[in-house]
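Me: Could you walk me through this model? I'd like to ask about its salt bridges, one of its helices and its cavities.

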Amino acid sequence: MKLYNTMSRRVEDFVPIVPGHVSMYCCGPTVDNYAHIGNLRTYIFEDILKRTLIRAGFDVKHVMNITDVGHLTGDGDDGEDKMEKSARESGRSVWDIAAFYTKAFFRDEEALDIIRPDIVCKATDHIQDMIALIQRLEKGGHTYTAGGNVYFSIDSIDDYGKLARLNLDDLRSGARIEIDSNKKNPKDFVLWFTNSKFEGQAMTWDSPWGRGYPGWHIECSAMSMKYLGEHFDIHCGGIDAIPVHHTNEIAQSEAATGKTWVNYWCHGEFLLMGNAKMSKSSGGFVTLPVLEEKGYDALDYRYFCLTGHYRSQLRFSYEGLDAARSARQGLMDRISQLRAEAEPSPAPSEAAEEYMKAFDDAMENDLGAPSALSILWKMIKDGNLSSSDKLAAAFHMDGILGLSLDKAVPSSEEKVGSEEDLKLLEERTAAKKAKDFKRADEIRDELKRRGYTVKDTPAGAILERIV
Ligand code: AMP
Ligand code: ZN
């Protein structure tokens with residue numbers, strides 16, 4: 001298995017810390033609003049990564065957080081708490097907002113056939129873990145208090161910004177206007193806010209530094225270490241997390257433990273709307289329910305995402321989504337036809353095995369989903385492969401693609417024959433069931449006279465026109 005590691009900027013061989021096991025942490029949604037389809041692109045990429053690791057033989061432990069406190073509208077500790085803002089605008093409580101959008105998020109994930117993480121952890125359930133981590137940092141001399149808030153001092157470590165390759169000298173000499181005058185270094189970040197920042201904050205907890213609430217970054221360090229240990233394999237997110245969120249996660253985690261925290265950093269590129277990143281703050285974002293209301297299936301969007309490599313930007317358009325929909329429907333039709341003809345082969349031929357291997361190789365080479373999709377299509381169109389081989393290979397591939405190909409069954413609309421012919425066919429099925437084989441054969445002969453052969457398929461008997 002090969003993976004691009006943002007830390008080294010190279011595609012590397014994936015070697016887990018514990019042979020055969022993978023520990024993987026993914027930054028989860030901020031539940032102040034519906035996830036938009038850009039966010040969902042990132043979760044689809046992570047799902048594909050997880051499925052590929054499982055296919056490669058690893059036992060994967062996947063942890064994802066739910067950010068229900070502490071994420072401000074600006075990444076640099078500026079702006080307003082997103083949850084509070086959403087509560088104020090909708091007239092509901094922050095807790096209602098969190099519960100509502102968390103439920104909506106998992107509804108979307110299910111519709112997209114994303115495998116639920118093994119552990120889903122809410123920030124608000126882990127405040128004590130965050131406090132303990134901040135105390136550890138305090139003991140190590142990595143924090144200071146100013147204006148009631150606890151800050152992480154980036155000058156207390158010597159490799160701040162290594163993931164994003166930040167040039168700290170440039171940052172210091174830059175003409176950045178600092179909003180928070182409490183900060184000794186403009187890149188220092190808040191570990192714990194006290195009520196000095198926002199009056200009337202609904203979500204607050206007691207802490208050694210006063211009643212308040214955590215900064216955004218500390219939750220991911222505290223929860224990932226709690227569930228995966230102080231050194232784990234893979235950390236994922238969208239690329240916008242690199243310069244601030246993941247940079248700060250690394251700084252505080254490694255300052256606390258004194259050792260490397262994560263071995264592989266994997267980031268998904270943006271979904272674009274026009275020429276800009278799709279974002280909640282821009283207002284013009286699209287959600288999965290909006291696509292579904294327009295008549296698209298969630299899996300049309302999953303297919304659309306698979307047509308682009310996760311490290312390339314993907315521009316959203318309805319024309320693009322239409323193309324994905326017709327490709328997916330074409331695929332489902334082919335699978336339905338094949339299922340009308342055969343069952344998946346329990347022992348696929350060498351040729352089928354070769355297709356499956358080529359597919360797995362493409363996925364295991366830094367998740368080459370677009371190449372893997374083209375291998376699937378080449379296999380489906382291969383005139384030398386039997387229907388049962390095709391089905392076996394397609395279902396194998398779908399273990400990673402997650403397109404629910406097993407839901408493709410010969411549908412009633414595709415049934416050949418007039419109403420009367422189909423009535424006869426039903427009569428034959430009933431006769432067979434009643435073991436009246438003589439009658440069943442008579443009907444078959446009658447249907448033959450009418451120009452059909454009867455085919456028994458796993459989904460029931462169908463008519464095929466004699467040509
Ligand atoms: P949030 O709910 O804002 O915390 O974001 C959830 C995830 O979506 C994070 O991993 C982000 O990096 C990612 N993300 C945000 N915008 C986009 C986008 N336009 N395309 C792809 N991923 C995104
Ligand atoms: Zn995070």
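Me: Which residues are linked with Asp47 in a network of salt bridges?

Reply: Before the answer, some ground rules: this is a predicted model, where local features need pLDDT of at least 70, side-chain atom pairs count only at pLDDT 80 or more, and totals for chains, interfaces and linings use all residues. Side-chain values use heavy atoms, with hydrogens and water left out, residues are numbered from 1 along each chain as its sequence is written, and chains are lettered from A and ligands numbered from 1 in the order written. A salt bridge here is a side-chain nitrogen of Lys or Arg within 4 Å of a carboxyl oxygen of Asp or Glu. By that test, Asp47 shares a network with Arg51, Asp113 and Arg302.

Me: How far apart are the closest N and O atoms of aspartate 47 and arginine 51?

Reply: The two sit four residues apart in helix H1 (residues 37-55), so about one helical turn separates them; helices (H or I, at least four residues) and strands (E, at least two) are DSSP runs numbered from the N terminus. Aspartate 47 is buried at 2% relative accessible area, and arginine 51 is buried too, at 10% (buried is under 20%, exposed over 50%, partly exposed in between, with a 1.4 Å probe and protein chains only). Their closest N and O atoms are 2.8 Å apart.

Me: What separation along the chain does the pair of glutamate 230 and arginine 136 have?

Reply: Their side chains meet in a salt bridge at 3.1 Å, N to O. Glutamate 230 lies in the loop between helix H6 (217-228) and strand E10 (232-238), while arginine 136 belongs to helix H4 (residues 127-139), so the pair links distant parts of the chain. Glutamate 230 is partly exposed at 28%, and so is arginine 136 at 35%. In sequence they are 94 residues apart.

Me: Which residue of helix H14 pairs with aspartate 456?

Reply: Aspartate 456 is in strand E15, and its partner in H14 is 24 residues away. The closest N and O atoms are 3.4 Å apart. Aspartate 456 is partly exposed at 48%, and the partner is partly exposed at 31%. That partner is lysine 432.

Me: Why do the buried residues of H14 lie on the same side?

Reply: H14 (residues 419-433) has 15 residues and reaches 21 Å from its first C-alpha to its last, close to the 21 Å expected (1.5 Å times one less than the number of residues). In H14, Asp421, Leu424, Leu425, Arg428 and Ala431 are buried. They share a side because, judged by directions from the helix axis to the C-beta atoms, they cover an arc of only 120°.

Me: Which element supplies the largest share of the lining of the largest cavity?

Reply: A cavity is a set of points on a 1 Å grid, over the protein atoms alone, where a 1.4 Å probe fits but cannot get out, and lining residues have an atom within 4 Å of a point. The search finds five cavities of 30 Å³ or more, and the largest holds about 120 Å³, a volume being the space filled by probe spheres set on points joined across faces, edges and corners. Its lining includes Arg41, Ile44, Cys305 and Tyr310, and both H1 and helix H9 (298-306) supply at least two residues. The largest share, four residues, comes from H1.

Key
On a 1 Å grid over the protein atoms alone, a cavity is a set of points where a 1.4 Å probe fits but cannot get out, and a pocket is an open set with protein on both sides within 12 Å along at least five of seven lines; lining residues have an atom within 4 Å of a point.
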